[in-house]
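Hi everyone, thanks for coming along. Today I'd like to walk you through a structure that may be new to you, so please have a look at it while I talk.

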Amino acid sequence: MDDQKLIDTATAIGCRMLEHGAEIYRVEETISRICLAYGAKEVDVFAIPSSIVVSVTGADGGSWTRTRRIKNQNVDLDKLDRFNNLSRVICRDRPAADWVEGEIARINAQPVYSSALQVFACALVSFFFTLFFGGDLRDASVAFAAGLAMKYFSKRLERFGLSSFLINIAASATAGAFAFLSVRFGAALHIDKIIIGTLMNLVPGLSLTNSIRDFIVGDLMAGLMKLTETLLTATGIAIGVMLALRFLGGVFGGV
């Protein structure tokens with residue numbers, strides 16, 4: 001694999017891993033190991049959640065640099081695992097460039113869960129978390145319906161290219177409205193259990209975990225960016241619920 005093909009291939013794998021939820025240190029280490037496995041003399045990788053910069057010095061002394069912008073992040077742990085395994089195979093066997101490109105294309109083409117299944121899974125998560133937090137079956141049933149509506153509405157908004165912050169506000173407002181109206185008209189008893197159970201779908205647990213791990217290994221900039229993303233997500237969730245409860249409380253009175 002020549003130097004240009006090597007840096008393009010390694011950067012492409014790193015980008016896919018970052019898009020699908022990998023930690024910063026894992027992305028940087030993966031790119032470095034792949035380049036070194038093919039004989040690169042020196043590799044420098046700088047990654048943050050929105051960008052990757054790779055510089056490689058080849059065996060002949062030539063230097064190459066690639067910069068890739070990460071515009072969309074869609075957590076997919078299955079594809080992340082496949083790219084992680086692919087990187088290990090590459091470092092161990094050093095296959096030809098055509099084979100590696102074929103594997104990258106094959107993993108990218110792996111089907112994702114359908115929108116209908118994602119909506120149903122969101123509803124199930126809402127149902128069982130509501131029971132977990134102390135709600136009864138009526139609360140959980142309302143949370144199931146709220147989860148369906150919230151995820152369906154979010155998927156529709158994603159088609160318009162809205163930011164995740166605005167989508168989180170709209171989604172959490174939907175959950176808050178379902179909870180308020182169900183308790184107000186006697187379909188359920190515990191508004192707090194319904195809201196908490198439904199909103200567990202929106203909690204940015206992976207972003208928070210990755211930010212802490214980045215801080216621990218010394219990637220302060222990446223950790224700070226992930227932590228900021230987490231706080232913005234939490235703020236959007238709080239704003240959406242507050243708007244729904246304030247508006248409906250003014251219309252129908254308290255619950």
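Let me start with a question: in which helix does Ala-222 lie? The answer is α10, which covers residues 220-252. Before we go on, please keep in mind that this is a predicted model.

Let's stay with Ala-222 for a moment. Is Ala-222 buried or exposed? Its relative accessible area is 2%, and buried means under 20%, so Ala-222 counts as buried. If we set aside the neighbours within four places in sequence, Ala-222 is in contact with Ile-24, Ala-47, Pro-49 and Asp-214. You can also compare its position with that of Ile-212: the two are 10 residues apart along the chain, and their C-alpha atoms are separated by 9.9 Å.

Now follow the rest of that helix. α10 has 33 residues, and from its first C-alpha to its last it reaches 47 Å. That is close to the 48 Å expected at 1.5 Å a residue. Several of its residues are buried, among them Gly-223, Lys-226, Thr-230, Ile-237 and Leu-248. What do the buried residues of α10 pack against? They pack against α2, the strand β1 (42-48), and the helices α7, α8 (191-199) and α9 (205-217).

Met-242 also lies in α10, but here the picture changes. With a relative accessible area of 45%, Met-242 is partly exposed. Try finding Lys-41 as well: Met-242 and Lys-41 are 201 residues apart in sequence, and 56 Å apart in space, C-alpha to C-alpha. After α10 comes Gly-253, with a positive phi near 85°.

Let's step back and look at the whole protein. Its secondary structure comes to 10 helices and 3 strands. Along the sequence, the pattern reads α-α-β-β-β-α-α-α-α-α-α-α-α. Taken along the principal axes, the C-alpha atoms fill a box of roughly 75 × 30 × 30 Å. There are 255 residues, and buried ones make up 44% of them. Of the contacts with a separation of 6 or more, 65% are between residues 24 or more positions apart. The accessible surface comes to about 13300 Å², and 61% of that belongs to carbon and sulfur atoms.

One of the helices we have already met is α7, so let's give α7 a closer look. It spans residues 164-184, which is 21 residues. From first C-alpha to last, α7 reaches 30 Å, close to the 30 Å expected at 1.5 Å a residue. α7 is followed by Gly-186, again a glycine whose phi is positive, this one near 80°.

Next, please find Arg-94, in the loop between α3 (77-93) and α4 (97-108). What is the phi of Arg-94? It is near 50°, a positive value in a residue other than glycine. Most residues other than glycine have a negative phi. Arg-94 counts as partly exposed, at 48% relative accessibility.

Move on into α4 and you come to Val-100. At 0% relative accessibility, Val-100 counts as buried. Not counting residues up to four places away in sequence, Val-100 touches Met-1, Thr-9, Ile-13, Tyr-38, Ile-90 and Pro-95. The C-alpha atoms of Val-100 and Asp-2 are separated by 13 Å, with their positions 98 residues apart along the chain.

Another buried residue is Met-17, at 0% relative accessibility. You will find Met-17 in helix α1, residues 3-19. Which residues does Met-17 touch, not counting those up to four places away in sequence? They are Ala-22, Arg-26, Val-27, Thr-30, Leu-80, Phe-83 and Asn-84.

Hold on to Arg-26, Thr-30 and Asn-84, since they turn up again in the lining of the second largest pocket. The lining also includes Tyr-25, Glu-29, Arg-33, Ser-87, Arg-88 and Cys-91. About 180 Å³ of space lies in this second largest pocket. Which helix gives the largest share of its lining? That is α2, with 5 residues. Both α2 (24-37) and α3 supply at least two residues each. By class, the lining has 2 nonpolar, 3 polar and 4 charged residues.

That's my tour. Thank you for listening, and I'm happy to go back to any part of it.

Notes: Residues numbered from 1 in each chain as written. Predicted model: local features only at pLDDT ≥ 70, side-chain atom pairs only at ≥ 80, totals over all residues. Heavy atoms only, no water. Helix = DSSP H or I, 4+ residues; strand = E, 2+ residues; numbered from the N terminus. Expected span 1.5 Å × (residues − 1). Buried < 20%, exposed > 50% of the residue type's maximum accessible area, 1.4 Å probe, protein only. 1 Å grid on protein atoms, 1.4 Å probe; cavity = no way out; pocket = protein on both sides within 12 Å on 5 of 7 lines; lining within 4 Å. Points joined across faces, edges and corners; volume = space filled by probe spheres on them. Nonpolar A, V, L, I, M, F, W, Y, C, P; charged D, E, K, R; others polar. Contact = heavy atoms within 4.5 Å. Areas by Shrake-Rupley, 256 points an atom, 1.4 Å probe, with all protein chains shown as cover.
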